[in-house]
Amino acid sequence: MRIAMLASEAAPYVKTGGLGDVMQALPAELAKIKGNEVALFLPYYKKIKQDPTIKTESVGSFTMELAWRESYVGIFRLKSRRKKLQIYFIDNDYYFGTRNAIYGDFDDGERFAYYSKAAMAALYYLDFKPDILHCHDWQSAMGVVYCRALYQNWCPETKTIFTIHNVEYQGWADQSFFESTLGLPEFFRGHMTFDGSINMMKGAIVMADMVTTVSETYAKELCLPYFAHRLDGILRDVPLCGITNGIATDVYDPATDKALVANYSAEDMLGKWDNKRALRQELGLNTEVDTPILGMVTRLAGHKGIDLVCYIAHKLLQRDVQLVIVGTGERQYECVLSALQKQYPGKVCVKLAFDPKLACRVYAGVDMYLMPSKSEPCGLSQIIAMRYGAVPIVAETGGLKDTVPPFDPESGEGRGFTFGDYNGEAFLDAIDRAVAMYYNERDAFNALAKRNMQIDFSWQVPAGEYMQLYTKLLCK
């Protein structure tokens with residue numbers, strides 16, 4: 001099966017969030033399956049171009065019309081021994097090669113419309129006619145549209161899949177964008193229009209053969225106005241399913257992670273306590289205590305539940321616990337959390353930074369991991385935390401609900417401590433239950449952490465589910 005994937009980021013080349021992790025692991029896992037050929041297309045960002053460890057080679061170039069203008073398209077390929085997985089970079093210095101930003105520029109709509117059209121043109125240039133075209137989030141949504149609008153005669157049998165990783169970001173533009181940039185036949189204006197504006201995600205949703213998202217619960221939530229950011233009516237009328245993400249277990253492995261002070265596994269967890277002691281020393285927490293450390297590695301944004309953390313902070317810190325938070329985000333939360341650290345020296349550490357190695361040391365050093373998100377399509381942090389032996393405390397939403405069933409003290413089943421109502425009291429109650437188990441039933445708490453480390457969170461299972469979906473579509 002020939003599979004083409006379009007995405008705006010993929011680790012280790014460029015990563016700003018969970019999408020980068022998914023696009024590092026999923027194409028690689030699909031390429032391991034016998035008979036598959038996978039091609040991943042990424043923008044050739046300045047960050048990638050200037051990285052001396054990323055070796056590429058040019059495989060061609062051409063010009064392409066983007067509405068009224070002609071644009072250069074260069075195709076570079078990662079030098080790799082993996083024949084079944086080819087990684088291509090779409091080169092254009094004006095849109096990608098001279099800018100530091102990945103997202104957030106004034107012309108993001110034009111940049112990613114160009115990227116999507118150029119990736120389709122590159123597939124044609126390379127004569128890589130895919131059985132499956134799989135596009136991810138709004139930045140590559142136009143790949144689905146251009147495939148149907150401009151390349152239907154070339155690849156009439158190609159099936160298209162659009163995956164929503166976060167419905168909040170949809171690729172909005174005014175109506176003039178249709179003529180000035182997209183350059184589509186007028187027939188497709190209705191497909192692209194939503195509430196009087198152009199919406200690139202909506203276009204992909206209504207034109208794809210299948211829409212997926214990154215957890216089963218989030219697929220159900222997307223049909224509700226509270227979660228869907230106005231697209232619920234559209235999503236209720238299309239084929240939609242959820243496939244829960246995995247993680248790259250070879251990357252996130254406490255037995256081999258070089259960022260840790262000591263490696264460990266579920267079979268021998270002594271190294272985890274070494275990492276806990278080292279984390280206290282590194283972050284300036286009190287070391288002469290036997291208190292649980294609660295940790296978060298997150299964007300400091302309201303929908304991540306940071307508002308709840310701030311609301312309960314003073315009550316929480318009356319308990320015998322320590323708190324570690326690593327991340328950057330909204331200024332209001334950075335200020336509140338920084339002030340909290342000053343008010344509770346030795347008990348709270350807040351690092352306003354994006355630091356992947358420190359993040360792994362936090363996963364390894366904390367006893368409990370907090371993820372009180374208001375909405376969470378899948379979430380990877382809670383999965384990584386369990387892989388490193390930290391017991392999760394999460395809101396019952398999206399992928400958090402799917403990956404962290406509540407712990408039942410009667411049966412001993414479940415993976416963590418959860419709360420349903422989105423409020424501070426419910427969140428604090430879940431923390432109190434976890435802390436009580438830590439102090440009163442330490443052996444049971446450690447056994448829970450150990451069981452979580454043994455769960456198979458690899459991409460093998462979700463990749464198999466995607467293959468079943470691809471096969472079903474091709475058989476129609």
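# A guided tour, starting at Asp195

Select Asp195, which sits in the loop between S9 and S10. Before going on, please note that the model in your viewer is predicted.

**Stop 1: Asp195 and its partner**

Look at the backbone of Asp195: phi is near 50°, a positive value in a residue other than glycine. Most residues other than glycine have a negative phi. Now turn to the side chain and add Arg230 to your selection. Asp195 and Arg230 form a salt bridge, with 2.2 Å between the closest N and O atoms. Asp195 belongs to the loop between strand S9 (193–194) and strand S10 (197–199), and Arg230 to the loop between helix H10 (225–228) and helix H11 (232–235), so this pair ties together parts 35 residues apart in sequence. Arg230 is partly exposed, at 49% relative accessibility.

**Stop 2: a step back**

Zoom out to see the whole protein chain. It has 20 helices and 18 strands. Its C-alpha trace spans about 70 × 45 × 45 Å along the principal axes. How does the radius of gyration agree with that of a compact globule? For 476 residues, such a globule would have a value near 23 Å, and the protein chain has 23 Å.

If you colour by burial, 60% of the 476 residues count as buried. Try showing the surface too: the accessible area comes to about 19,500 Å², and 50% of it belongs to carbon and sulfur atoms. Contacts are worth a thought here as well. Among those between residues at least 6 apart in sequence, 71% join residues at least 24 apart.

Next, colour by charge. There are 51 positive and 57 negative charges, and their mean positions are 4 Å apart.

**Stop 3: more salt bridges**

Side chains of opposite charge can pair when their charged atoms come close. In this model the count comes to 23 salt bridges, and here are some to visit.

Select Asp367 and Lys276, whose side chains meet in a salt bridge at 2.8 Å, N to O. Asp367 is in the loop between helix H15 (356–365) and strand S16 (368–371), while Lys276 is in helix H12 (residues 270–283), so the pair ties together parts 91 residues apart in sequence. Are these two residues buried or exposed? Asp367 counts as buried at 3% relative accessibility, and Lys276 counts as buried at 7%.

Move on to Asp209 and Arg148, another salt bridge, where the closest N and O atoms are 3.2 Å apart. This pair links distant parts of the chain, 61 residues apart: Asp209 lies in the loop between helix H8 (200–207) and strand S11 (210–213), and Arg148 lies in helix H5 (residues 141–150). Asp209 is partly exposed, with a relative accessible area of 27%, whereas Arg148 counts as buried at 16%.

Then select Lys49, Asp91 and Asp93 together to see a network of salt bridges linking them.

**Stop 4: helix H5 and Thr181**

Go back to the helix that holds Arg148. Of the 10 residues of H5, 9 are buried, so this helix is largely enclosed by the rest of the structure. Among the buried ones are Met142, Val144, Tyr146 and Cys147.

Tyr146 leads you to the next selection, Thr181, because Thr181 touches Tyr146. Thr181 lies in helix H6 (residues 176–182) and counts as buried at 3% relative accessibility. Leaving aside residues up to four places away in sequence, Thr181 also touches Leu66, Ala67, Arg69, Glu110 and Ala113.

**Stop 5: Ala67 and strand S3**

From that list, pick Ala67, found in the loop between S3 and strand S4 (69–78). Like your starting point, check its backbone: phi of Ala67 is near 55°, a positive value in a residue other than glycine.

Now select Ser61, in strand S3 (residues 56–66). Ser61 is partly exposed, at 41% relative accessibility. Beyond residues up to four places away in sequence, Ser61 touches Tyr72, Val73, Gly74 and Tyr125. For a sense of scale, draw a line from Ser61 to Val206: their C-alpha atoms are separated by 32 Å, and the two residues are 145 apart along the chain.

**Last stop: a cis bond**

Finish at Pro12, in the loop between strand S1 (2–6) and helix H1 (18–31). Which kind of peptide bond joins Ala11 and Pro12? This bond is cis, with omega about 5°. Most peptide bonds are trans.

Definitions and conventions. Residues numbered from 1 in each chain as written. Predicted model: local features only at pLDDT ≥ 70, side-chain atom pairs only at ≥ 80, totals over all residues. Heavy atoms only, no water. Salt bridge = Lys/Arg side-chain N within 4 Å of Asp/Glu carboxyl O. Helix = DSSP H or I, 4+ residues; strand = E, 2+ residues; numbered from the N terminus. Buried < 20%, exposed > 50% of the residue type's maximum accessible area, 1.4 Å probe, protein only. Rg over C-alpha atoms; globule rule 2.2 N^0.38 Å. Contact = heavy atoms within 4.5 Å. Areas by Shrake-Rupley, 256 points an atom, 1.4 Å probe, with all protein chains shown as cover. Lys, Arg positive; Asp, Glu negative; His and termini not counted. Charge placed at Lys NZ, Arg CZ, Asp CG, Glu CD.
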